[in-house]
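Work through the exercises below with the model open. Try each task before reading its solution.

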Amino acid sequence: MALHSPLETKPPSDHPNKHSGEEFLLRLGSYVRDLRNRRGMSRKLLAQQSKVSERHLAQLETGEGNISILLLRRVASVLGVSLEELFAPNRQPVRHNSSQKQTLLRFIDRLPSHRLEEAAARLMRDFGPEQDLRMARIALIGLRGAGKSTLGARLAAERNVPFIELDHEIEKDAGMPLGEIFSLYGQPGYRAIEKRTLERVLGAAGPAVISVAGGIVSEKETYEYLLGHCYTVWLKAQPEEHMSRVVAQGDFRAMAGSDRAMEDLRRILESREPLYRKADATVDTSGESTDESFAKLKAALQAASQ
């Protein structure tokens, strides 16, 4: 019996894929058309950006034209996919989405690359599998004097959950007061301890209310971790109120060089405001009594839970 090389083996004439060329072109054209629609692009716009004529694109999308690889590569580049994806044999056809999904996809497609990570983190944060636990852990952020300790302790008592002040946990982990940590290790050392302590606290904590130092927002990785594991509320106040509340707490160091201190405080608030606004909610305590601020905080949390 003669032996044949696999390269010489031919499929029988009634092979089920004898029309696979036509089917491939139809599926390819349908996929390109759906990709274009998902990106909110007209055929004319795709033609302009890919430098492929509208006639060629029309033939491609209807499965009537055998477009060259070079032209198809231009089309794929504009649509943001690779040739491998277009040619993938197991690729599933694009399903038509609702108008809301198409709008969301177009919005994501138009985001600059440096914003995609932020968008993905926000989606996971708001709709990820640990959303229920995240909503049960309330983290209060803001500068000293915003009311974090007062409102946080009151909220924790009302909810019957632990109240955790991250600064105190950092001191316990380091075995020394915050001032000594800064003196010995400087700002970088303190931030490293802060990150480890936050990860420990949130790794062990269930529902809780947590007061966090205002400078945590300047450490991107630590702040993103906080945002991803807690429902975060920025307690906001005017610079003058921050200053007066700190003095009312018995810290008169703020009075020394008060003009310069107020200028520095305004500068810090201005530089951090875009970061504070990443919090899930903002509660402005300016000109409010403790009872009024607490009522606003509870209202914000109730609105978030609905």
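The exercises go from the whole chain to helix pairs and then to single residues.

**Exercise 1. Confidence and overall make-up**

Task: State what average pLDDT the protein chain has, and find where pLDDT stays under 50.

Solution.
- Step 1. This is a predicted model. The protein chain averages a pLDDT of 78, and 75% of the residues score at least 70.
- Step 2. Look at residues 1-19. Their pLDDT stays under 50, and the model has one contact for them beyond four places in sequence.
- Step 3. Turn to residues 250-257. Here too pLDDT stays under 50. For this stretch the model has eight contacts beyond four places in sequence.
- Step 4. Where pLDDT is low, predicted coordinates should not be read in detail.
- Step 5. Now take the chain as a whole. Its secondary structure comes to 15 helices and five strands. Of its 306 residues, 36% are buried.
- Step 6. Consider contacts with a separation of 6 or more. Residues 24 or more positions apart account for 73% of them.

**Exercise 2. α9 against α15**

Task: Describe how helix α9 and helix α15 pack, and classify the angle.

Solution.
- Step 1. Locate the helices: α9 covers residues 148-159 and α15 covers residues 290-305.
- Step 2. Read the geometry. The angle is about 60°, and the axes are 10 Å apart.
- Step 3. Classify. Angles of 65 to 115 degrees count as roughly perpendicular, and those under 35 as roughly parallel. At about 60°, α9 is therefore oblique to α15.
- Step 4. Add the handedness: α9 passes α15 in a right-handed crossing.
- Step 5. List the contact. From α9 come Thr150, Leu151, Arg154, Leu155, Glu158 and Arg159. From α15 come Thr290, Asp291, Ser293, Phe294, Leu297, Lys298 and Leu301.
- Step 6. Sort these residues. The contact of α9 with α15 has five nonpolar, three polar and five charged residues.

**Exercise 3. α11 against α12**

Task: Decide whether α11 and α12 are roughly parallel or oblique, and give the residues of their contact.

Solution.
- Step 1. α11 spans residues 178-204, and α12 spans residues 220-229.
- Step 2. They pack at an angle of about 15°, with axes 10 Å apart.
- Step 3. The cut-off for roughly parallel is under 35 degrees. α11 and α12 are therefore roughly parallel to each other.
- Step 4. The crossing of α11 past α12 is left-handed.
- Step 5. α11 contributes Lys195, Leu198, Glu199 and Leu202. α12 contributes Glu221, Thr222, Tyr225, Leu226 and His229.
- Step 6. The residues in the contact of α11 with α12 are four nonpolar, two polar and three charged.

**Exercise 4. α2, α3 and the loop between them**

Task: Describe the packing of α2 and α3, then examine Lys51.

Solution.
- Step 1. α2 and α3 pack at about 115°, and their axes are 9 Å apart. α2 passes α3 in a right-handed crossing.
- Step 2. The contact uses Arg43, Lys44, Leu46 and Ala47 of α2. On α3 it uses Glu54, Leu57, Ala58 and Glu61.
- Step 3. The contact of α2 with α3 divides into four nonpolar, no polar and four charged residues.
- Step 4. Lys51 sits in the loop between α2 (43-50) and α3 (54-61).
- Step 5. Check the backbone. Most residues other than glycine have a negative phi. Lys51 is not a glycine, yet its phi is positive, about 60°.
- Step 6. Check accessibility. Lys51 has a relative accessible area of 65%, so it is exposed.

**Exercise 5. Asn160**

Task: Place Asn160 and decide: buried or exposed?

Solution.
- Step 1. Asn160 lies in the loop between α9 and β2 (163-165).
- Step 2. It is not a glycine, but Asn160 has a positive phi of about 60°.
- Step 3. Its relative accessibility is 71%, so Asn160 counts as exposed.

**Exercise 6. Two further sites**

Task: For Ile170 and Gly215, decide buried or exposed, and list what each touches beyond four places in sequence.

Solution.
- Step 1. Ile170 is in helix α10 (residues 166-174). At 0% relative accessibility, Ile170 counts as buried.
- Step 2. Ile170 touches Leu178, Ile181, Tyr190, Ile193, Glu194 and Thr197.
- Step 3. Take Tyr190. Ile170 and Tyr190 are 20 residues apart in sequence and 8.8 Å apart, C-alpha to C-alpha.
- Step 4. Gly215 lies in the loop between β3 (208-211) and α12. Its relative accessible area is 8%, so Gly215 is buried.
- Step 5. Gly215 touches Arg191 and Arg272. The C-alpha atoms of Gly215 and Arg272 are separated by 8.5 Å, with the two residues 57 apart along the chain.

Terms used. Residues numbered from 1 in each chain as written. Predicted model: local features only at pLDDT ≥ 70, side-chain atom pairs only at ≥ 80, totals over all residues. Heavy atoms only, no water. Axes fitted to C-alpha atoms, helices over the stretch in contact; angles between N-to-C directions. Helix = DSSP H or I, 4+ residues; strand = E, 2+ residues; numbered from the N terminus. Parallel < 35°, antiparallel > 145°, perpendicular 65-115°, else oblique. Left-handed = near helix turned anticlockwise from the far one by under 90°. Contact = heavy atoms within 4.5 Å. Nonpolar A, V, L, I, M, F, W, Y, C, P; charged D, E, K, R; others polar. pLDDT = per-residue confidence, 0-100. Buried < 20%, exposed > 50% of the residue type's maximum accessible area, 1.4 Å probe, protein only.
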